[in-house]
Amino acid sequence: MRPPFRADHVGSLLRPAALKKARAEKSPQLGKIEDDCIREAVRMQEAAGLQVVTDGEFRRAFWHVDFLTGLEGIVATQGQYALKFHGEDGAESETRSMMVVNKKVRRTRPIMLEPFKFLKGATTKTAKLCIPAPTYLHMRGGRKVVDAKAYPDMEEFWSDIARAYREEIRDLVAAGCTYLQIDDVSFACLCDEGIRAQVKRDGEDPAKLPSKYAAVINSFLENRPGNLAVTMHTCRGNHASMWMASGGYDAVAEAVFGEAQVDGFFLEYDTGRAGGFEPLRFVPRGKKVVLGLVSTKRKELEDKDRLKRRIDAASKYVPLENLCLSPQCGFASSEVGNRLGEDDQRRKLELVVEVAREVWG
């Protein structure tokens, strides 16, 4: 089966204690410890029955920062931005980590090539690599995060960053990558009325950004080889079991589903914050939707029958043969990780596989 698979997952996994300790202590053995932990994570995914494995993003601190700052011209910074993470218990956390463009963007070296080669060599299953879309960088601040002296014309910025992505994807394909996931939080964030208001304050039009962002993604996926399956994942924030946005996909569905040239969409649907399945009517015939019905934010295991009922409800808008199942996001979008244990994580992945087998055979 061409990816995405009936039972799939978004990518990141909880960092083992040994890995956290080695990174905190800046151990000279960090590389070896990463390798060992990734091999163990691969064995766990294979034992769970998954056809797809990732490296858990164990070599990254954040799902997006490590990749984007691997490009020349993009740097991480700390800032006060209006978006906050929210917890079910009422807790809040500010999003201080930001990125800015301070000069021309270039890819001067491979970013994820060696990590991918290691993963591919560690499994007989399909190795999936997840990389962030460049659009979230822009959504948090708009034109203000791209230096006007470096880029007086924003279209030149988008052209340069698309070229850098194409170069990275070219090398990944040459190394045997057949499954690439583009993580784009901006689409789901643009479903939130508060965030849309902030985007307006930043001088951007939230009604136009979904089409623009879809076009940006298309620009670096153009002319990709036919054996490379590409999916897009979007969610409403995932940090320490907290979330950032609410709202159904209605505001972005027509542009994202209709215009993004990808093979499938990983969509968050584990809580009412994601709205109903009605926006799935905009998904073109033949494209797959991976329903993120299993939560990575809490340890409680979902009820199998309820998951099946939800899949059945979604099949009113997308044919059952074009649906798949996964958790709604990764288990650790940053090295902090969500508030559950490694056994909980394993059981969640096993549940996805079991339900998928019972639904699709």
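Reader: Where does Arg-166 sit?
Author: Arg-166 belongs to helix α6, which covers residues 154–174. The model is a predicted one.

Reader: Is Arg-166 buried, exposed or partly exposed?
Author: Partly exposed, because its relative accessible area is 29%, and partly exposed covers values between 20% and 50%.

Reader: And what does Arg-166 touch, sequence neighbours aside?
Author: Leaving out residues up to four places away in sequence, Arg-166 touches Ser-219, Phe-220 and Glu-222. Glu-222 is 56 residues away along the chain, and the C-alpha atoms of Arg-166 and Glu-222 are 8.4 Å apart.

Reader: Switching to Glu-34. Which helix is that in?
Author: Glu-34 is part of helix α2, residues 30–47.

Reader: Buried or exposed?
Author: Glu-34 is buried, because its relative accessibility is 9% and the cut-off for buried is under 20%.

Reader: What is Glu-34 in contact with?
Author: Not counting neighbours within four places in sequence, Glu-34 contacts Leu-19, Arg-23, Phe-58 and Arg-59.

Reader: On to the strands. How many residues of β9 are buried?
Author: Strand β9 runs over residues 229–234, and 6 of its 6 residues are buried. On one side these are Ala-229, Thr-231 and His-233, and on the other Val-230, Met-232 and Thr-234, so both faces are covered.

Reader: Which strands pair with β9, then?
Author: Strand β8, residues 179–183, runs parallel to β9 and is joined to it by 5 bridges. Strand β10, residues 264–268, also runs parallel to β9, with 4 bridges.

Reader: Which residues stand opposite each other there?
Author: Leu-180 has Val-230 in β9 as its bridge partner. Thr-231 stands opposite Gly-264 in β10.

Reader: What about β12, why is that one called enclosed?
Author: Strand β12 covers residues 323–327, and 5 of the 5 are buried, so the rest of the structure largely encloses it.

Reader: What does β12 pair with?
Author: β12 pairs with strand β11, residues 288–294, in the parallel sense over 5 bridges. Val-290 stands opposite Cys-324 in β12.

Reader: Which helix goes with β11 and β12, and what is the handedness?
Author: Helix α11, residues 304–314, makes a β-α-β unit with β11 and β12, and the unit is right-handed.

Reader: Last topic, pockets. What is the volume of the second largest pocket?
Author: The second largest pocket holds about 270 Å³ of space. It is lined by 18 residues, and the closest to its centre are Glu-88, Thr-271, Ser-295, Lys-297 and Arg-298.

Reader: How does the lining split by class?
Author: The lining of the second largest pocket has 10 charged, 4 polar and 4 nonpolar residues.

Definitions and conventions:
Residues numbered from 1 in each chain as written. Predicted model: local features only at pLDDT ≥ 70, side-chain atom pairs only at ≥ 80, totals over all residues. Heavy atoms only, no water. 1 Å grid on protein atoms, 1.4 Å probe; cavity = no way out; pocket = protein on both sides within 12 Å on 5 of 7 lines; lining within 4 Å. Points joined across faces, edges and corners; volume = space filled by probe spheres on them. Nonpolar A, V, L, I, M, F, W, Y, C, P; charged D, E, K, R; others polar. Buried < 20%, exposed > 50% of the residue type's maximum accessible area, 1.4 Å probe, protein only. Helix = DSSP H or I, 4+ residues; strand = E, 2+ residues; numbered from the N terminus. Pairing = 2+ DSSP bridges. Right-handed = clockwise from strand over helix to strand, strands pointing away. Contact = heavy atoms within 4.5 Å.
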